[in-house]
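Good morning, and thank you for coming. I would ask you to look at the structure on the screen before I turn to its details.

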Amino acid sequence: MLETKYRLPEHNSRPLSGWMKWLDQRTGVQSLLHEALDEPIPGGARWAYIFGSGLLYLFFSQVVTGIFLALYYVPSSDHAHTTVSYISKVVSSGLFLRSIHAYGATAIVVVLFLHISQTLLYGSYKGRRELLWLSGCFLLALMLGMAFTGYLLPWDQKAYFASAVGTNIISEVPLIGSTLQRLLRGSSQMGTLTLSRFYVFHVFILPGLLIGFIATHVFLFRKAGAAGPTNEDPLQPKLPTQNFYPRQLGMDMVASLLIILALALVAYFVPIRLGPEAVPSDTSYIPRPEWYYLPMFEWLKVVGGKWSLLGGIILPGVLAMLFAAIPFLDRGRERRPWRRPVVVAGFTMFVACYAGLGALSYHDDAIDSNVAAQLARQSHAEILYMRQPFQPEAAPSSSASASEPTPAPVSADPIIAKGATLYASGPCSECHGARAQGTDKAPTLIGVGQKYSADRLAFVLHHRTADMIDGGMPPVDLDEASTGALVAYLRSLK
């Protein structure tokens, strides 16, 4: 029998060395190894079974690289971008580790899709594996949540505006949408409270849930047993078995090594970019999420307006419930994909539609000359920023009071001085800070004059964007001369 050929020796079948015997008497390590490595696989080891172990390795890689990144990261709107820039430009191998972490998230999505595809095509959810499938669905949702919450943390233009779109979608949930959005953001607009909440979710809550569900998933997998190939009976396996060790373990290790090599090569030759710091008032920026969220982004553009609730919330919710209910709906013993046309065709159609929406999004951007030009400018701005040397934050003035920020210095230019007076006496300083350094209510205005022309700033002051209105910015009621003075002051902030 193959199962006896590949079975490891029982833990009492031969004498143990002194230190191993001492350890085994206190931990039972030999029994643990026996349980872990002697798992029977109907039909023997196959390359199609490597994806679960690959996901486990990628999660471990994300934890390790995430710990190193967290040593430097500060989750606040005035420090987050600077710390990520420091990691990327100053810390030894910091950009490489950050690239490994960023590309690792993409690799998880890819391997997760392959794992789901293999499970569906092989019918591996059949035969008292309903709870195993449901735990996998929870893991899928948690992994996508990890990717979403981690996307905002760099606090550059791309991260800010893409996350703003994502949190806006939540507001479409009936009855509780606005409450959920405010709970996630911490206020009506995105700022330090949003960053800190995303950071807590990304570093503490979601990883803790992931570890718990991974343990549950592994336990349920070992309880149900490996499903084997498509011609195996899901309830009463009949095919000869091989143990997980050594052949399947060897295949899993080879796959993990290939993943390591691929991530290292991509991270080294195509390091992840960091763009300029987020400027929430930038009305020209065109947000685009990561490629795996892009089809959903395109779908929301298609069903926007009065159909946003149905197309953006209800339909995806129904599809998610149908996906989770597959083991309860497809209860026959037949596992061969050509004998299960409904499930296989439904999954294939969903993948084709999802991929088609992604391709449509790229196509729409390419044929719109204005959008294509703006996206090219945004990409070029990221390249230029990565080429610039690291610029540390300016140290706060030693004469500043601990309780009150120092007011802006008086300029020799009378127009700038008038603008400073208007800024300090109006609601601007209450939200943006006495020195325009930014607060939890509103972002910093330092450097805004280098990013926008005087005409553009004047226009934005009198024509607030949706984000500015949502953030509580009141209308600016100034005449042309006063507007010019305020703009001159804003452009002097460096």
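I begin with a single residue, P42, which lies in strand β1, residues 40-42. Please keep in mind throughout that this is a predicted model. Is P42 buried or exposed? Its relative accessibility is 5%, and a residue under 20% counts as buried, so P42 is buried. Its surroundings can be listed. Leaving aside residues up to four places away in sequence, P42 touches Y49, A226, G228, P229, E232, P237, P240 and T241. By contrast, the C-alpha atoms of P42 and D24, which are 18 residues apart along the chain, are separated by 30 Å.

Let me now place that residue in the chain as a whole. The chain has 22 helices and two strands. Its C-alpha trace spans about 95 × 60 × 40 Å along the principal axes. Of the 494 residues, 40% are buried. The accessible surface comes to about 26900 Å², and carbon and sulfur atoms account for 67% of that surface. As to charge, there are 39 positive and 34 negative charges, and their mean positions are 9 Å apart.

How much of the contact pattern joins residues at least 24 apart? Among contacts between residues at least 6 apart in sequence, the share is 78%. One pair of residues that are distant in sequence is D364 and E298: they are 66 residues apart along the chain, and their C-alpha atoms are 9.4 Å apart in space. D364 belongs to helix α15, residues 341-367, and is partly exposed, with a relative accessible area of 26%.

I turn next to the aromatic residues. A search of the whole structure finds 17 aromatic pairs. One of them is formed by Y49 and Y122, edge-to-face, with 6.3 Å from centre to centre and 75° between the planes. This pair links distant parts of the chain, since Y49 sits in the loop between β1 and α4 (51-70) and Y122 in helix α6, 73 residues apart. Both Y49 and Y122 are buried. You will recall Y49 from the list of residues that P42 touches.

A second pair is formed by Y86 and F390. Why is this pair classed as edge-to-face? The ring centres are 5.3 Å apart and the planes meet at 70°; since planes over 60 degrees apart count as edge-to-face, the pair falls in that class. Y86 lies in helix α5 and F390 in the loop between α16 (369-387) and α17, so the pair ties together parts that are 304 residues apart in sequence. With respect to accessibility, Y86 is partly exposed at 32%, and F390 is partly exposed at 23%. Elsewhere, ring pairs link W155, Y160, F161 and Y285 into a cluster.

Some points of backbone geometry also deserve attention. Most residues other than glycine have a negative phi, and most peptide bonds are trans. Which residues have a positive phi here? S93 is one of them, with phi near 60°, and R128 is another, also with phi near 60°. S93 is found in the loop between α5 (80-89) and α6 (94-122), and R128 in the loop between α6 and α7 (130-152). S93 is partly exposed, with a relative accessible area of 48%, whereas R128 is exposed, at 65%. As for the peptide bonds, the one from Y245 to P246 is cis, with omega near 10°. P246 lies in helix α11, residues 244-269.

Finally, I come to helix α22, residues 480-492. This helix has 13 residues and reaches 18 Å from its first C-alpha to its last, close to the 18 Å expected at 1.5 Å a residue. Which residues of α22 are buried? They are S482, T483, A485, L486, V487, Y489 and L490. An α-helix has 3.6 residues a turn, so residues three or four places apart point the same way. The cover over the buried residues of α22 includes α17 (414-425), α19 (448-451) and α20 (454-462).

To close, I would return to the residue with which I began: P42, in strand β1, is buried at 5% relative accessibility. Thank you for your attention.

Terms used:
Residues are numbered from 1 along each chain as its sequence is written. This is a predicted model: local features need pLDDT of at least 70, side-chain atom pairs count only at pLDDT 80 or more; totals for chains, interfaces and linings use all residues. Side-chain values use heavy atoms; hydrogens and water are left out. Helices (H or I, at least four residues) and strands (E, at least two) are DSSP runs, numbered from the N terminus. Buried means under 20% relative accessible area, exposed over 50%, partly exposed in between (1.4 Å probe, protein chains only). Contact means heavy atoms within 4.5 Å. Accessible areas come from the Shrake-Rupley method with a 1.4 Å probe; for residues, only the protein chains shown count as cover. Lys and Arg count as positive and Asp and Glu as negative; His and the chain ends are not counted. The place of a charge is taken as NZ of Lys, CZ of Arg, CG of Asp or CD of Glu. The expected span of a helix is 1.5 Å times one less than its number of residues. Rings of Phe, Tyr and Trp (its six-membered ring) pair if their centres lie within 6.5 Å; planes under 30 degrees apart count as stacked, over 60 as edge-to-face and the rest as tilted.
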